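Thanks for coming. I have one model to go through today, and I will take the helix packing before the ligand and the domains.

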Amino acid sequence: MTFISCTDVVKVYRIGNVEIQALRGLSLDVDRGEMISIMGPSGSGKTTLLNILGGLDRANAGTIMVDDVSLGFTPVSELVNYRRRVVGHIFQNLNLIPTLTALENVELPMIFNEENRGARTERAKELLGIVDLSNRLQHKPDELSGGQQQRVAIAAALANDPPILLADEPTGELDSETSRIIMDYLLRINREYNKTIIMVTHNPIVAAATRRILRIEDGTIIGTYTPAQMGANAGQVNYVDQLRERISKLNRELATLDKRIQKGQINGDEYVKERLRLTASIKGLEDEIHRHGG
Ligand SMILES: Nc1ncnc2c1ncn2[C@@H]1O[C@H](COP(=O)(O)OP(=O)(O)OP(=O)(O)O)[C@@H](O)[C@H]1O
Ligand SMILES: [Mg+2]
């Protein structure tokens with residue numbers, strides 16, 4: 001059943017006399033309880049789309065229906081309510097307040113609702129339990145790892161129990177292992193709590209965790225793929241290309257290292273240690289390429 005429906009959405013930004021068409025007649029349907037990925041080049045309109053769906057920005061034309069309510073006709077005063085109750089936002093640059101503890105960060109979105117303090121704290125603890133952070137309640141963001149911070153952000157996005165989660169590059173600043181963990185939490189939240197999740201990512205591996213992957217270019221959706229189709233598609237090739245690129249870089253570092261020992265700029269111990277490090281990294285990347293059929 002269609003839950004979110006965008007039809008011919010246009011968004012134009014004006015800076016002075018210059019017009020930028022960020023969305024050019026974008027259409028998209030998402031079912032209730034579905035989780036999808038959106039991929040596309042930088043500047044293609046991904047964040048713009050999430051901001052409009054999140055009620056942070058308004059479209060210039062087109063219709064946006066969420067659960068049979070038209071966002072275009074929602075008065076600004078009610079958009080505040082929509083932002084609080086219908087959508088939870090997760091951003092790439094962890095949007096936590098640095099001076100607040102994990103628990104307080106998760107409680108914060110609830111403060112604007114008329115929930116009493118005890119109930120708020122209970123709920124925040126429960127949410128941090130879902131992301132396995134019950135033992136980090138009193139930690140401030142800078143006392144947590146990047147992945148843990150992002151888990152707090154997920155808990156905070158769930159605070160008011162919104163039916164929709166919008167995630168803009170939730171793994172953008174995380175390594176591949178931590179990205180996988182974050183994805184596991186998002187997939188679980190989608191499945192077990194029946195949240196509809198729209199996630200933007202640059203990472204084809206992350207995108208392949210969802211059943212449907214939409215490709216956006218120049219402000220419109222140009223294709224829909226399954227993870228299997230992605231494998232045979234540009235995304236996967238790009239990832240293997242990225243790995244090859246990193247291998248060439250490491251090989252150049254190896255060549256530089258050999259020159260330095262020849263010129264007597266480093267000692268034997270340093271040389272051996274660095275050479276081992278570089279060759280191990282190259283081997284690891286080659287294995288990864290192999291795993292992806294490269
Ligand atoms: N507030 C704004 N004012 C003017 N132009 C904007 C604004 N926000 C976005 N744009 C422009 O709209 C286009 C789409 O931007 P958007 O941020 O949606 O891209 P994106 O797909 O999220 O890119 P990235 O992958 O780099 O995050 C870009 O050309 C951008 O420069
Ligand atoms: Mg963006």
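How close do the axes of helix α3 and α5 come, and at roughly what angle do they cross? This is a predicted model, so please keep that in mind throughout. The axes of α3, which covers residues 102-111, and α5 come within 8 Å, and the crossing angle is roughly 30°. Angles under 35 degrees count as roughly parallel, and α3 is therefore roughly parallel to α5. The crossing of this pair is right-handed.

On the α3 side, the contact is made by A102, N105, V106, L108 and P109, and on the α5 side by V152, A155 and A156. By residue class, that contact has seven nonpolar residues, one polar and no charged.

Staying with α5, the next partner is α6. Helix α5 runs over residues 146-157 and helix α6 over residues 176-192; their axes are 10 Å apart and the packing angle is about 20°. That angle makes α5 roughly parallel to α6. Here too the handedness can be stated: α5 passes α6 in a right-handed crossing.

Which residues make this contact? From α5 they are G146, G147, Q150, R151 and I154, and from α6 they are T178, I181, I182 and Y185. The contact of α5 with α6 divides into four nonpolar residues, four polar and one charged. For α3 with α5, to repeat, the split was seven nonpolar, one polar and no charged.

Now the ligand. Ligand 1 is surrounded by Y13, I15, I20, A22, G40, S42, G43, S44, G45, K46, T47 and T48. Three elements give two or more residues to this shell: β1, residues 2-15; β2, residues 18-31; and α1, residues 46-53. Which of them gives the most to the shell? That is α1, with three residues. In class terms, the shell around ligand 1 has four nonpolar residues, seven polar and one charged.

Last, the overall layout. The protein chain is divided into domain 1, residues 2-233, and domain 2, residues 236-291. How far apart are the centres of the two domains? Taken over C-alpha atoms, the centres of domain 1 and domain 2 are separated by 37 Å.

To recap the helices: α3 is roughly parallel to α5, and α5 is roughly parallel to α6. I can put either contact back on the screen if anyone wants to go through the residues.

Key. Residues are numbered from 1 along each chain as its sequence is written. Chains are lettered from A and ligands numbered from 1 in the order in which they are written. This is a predicted model: local features need pLDDT of at least 70, side-chain atom pairs count only at pLDDT 80 or more; totals for chains, interfaces and linings use all residues. Domain bounds come from an automatic or database domain assignment. Axes are lines fitted to C-alpha atoms, for helices over the stretch in contact, and angles run from 0 to 180 degrees between N-to-C directions. Helices (H or I, at least four residues) and strands (E, at least two) are DSSP runs, numbered from the N terminus. Angles under 35 degrees count as roughly parallel, over 145 as roughly antiparallel, 65 to 115 as roughly perpendicular and the rest as oblique. A crossing is left-handed if the near helix is turned anticlockwise from the far one by less than a right angle, and right-handed if clockwise. Two residues are in contact if their C-beta atoms, placed from the backbone, lie within 7 Å. Ala, Val, Leu, Ile, Met, Phe, Trp, Tyr, Cys and Pro count as nonpolar, Asp, Glu, Lys and Arg as charged, and the others, Gly among them, as polar. A residue is near a molecule or strand if its C-beta atom, placed from the backbone, lies within 6 Å of it.
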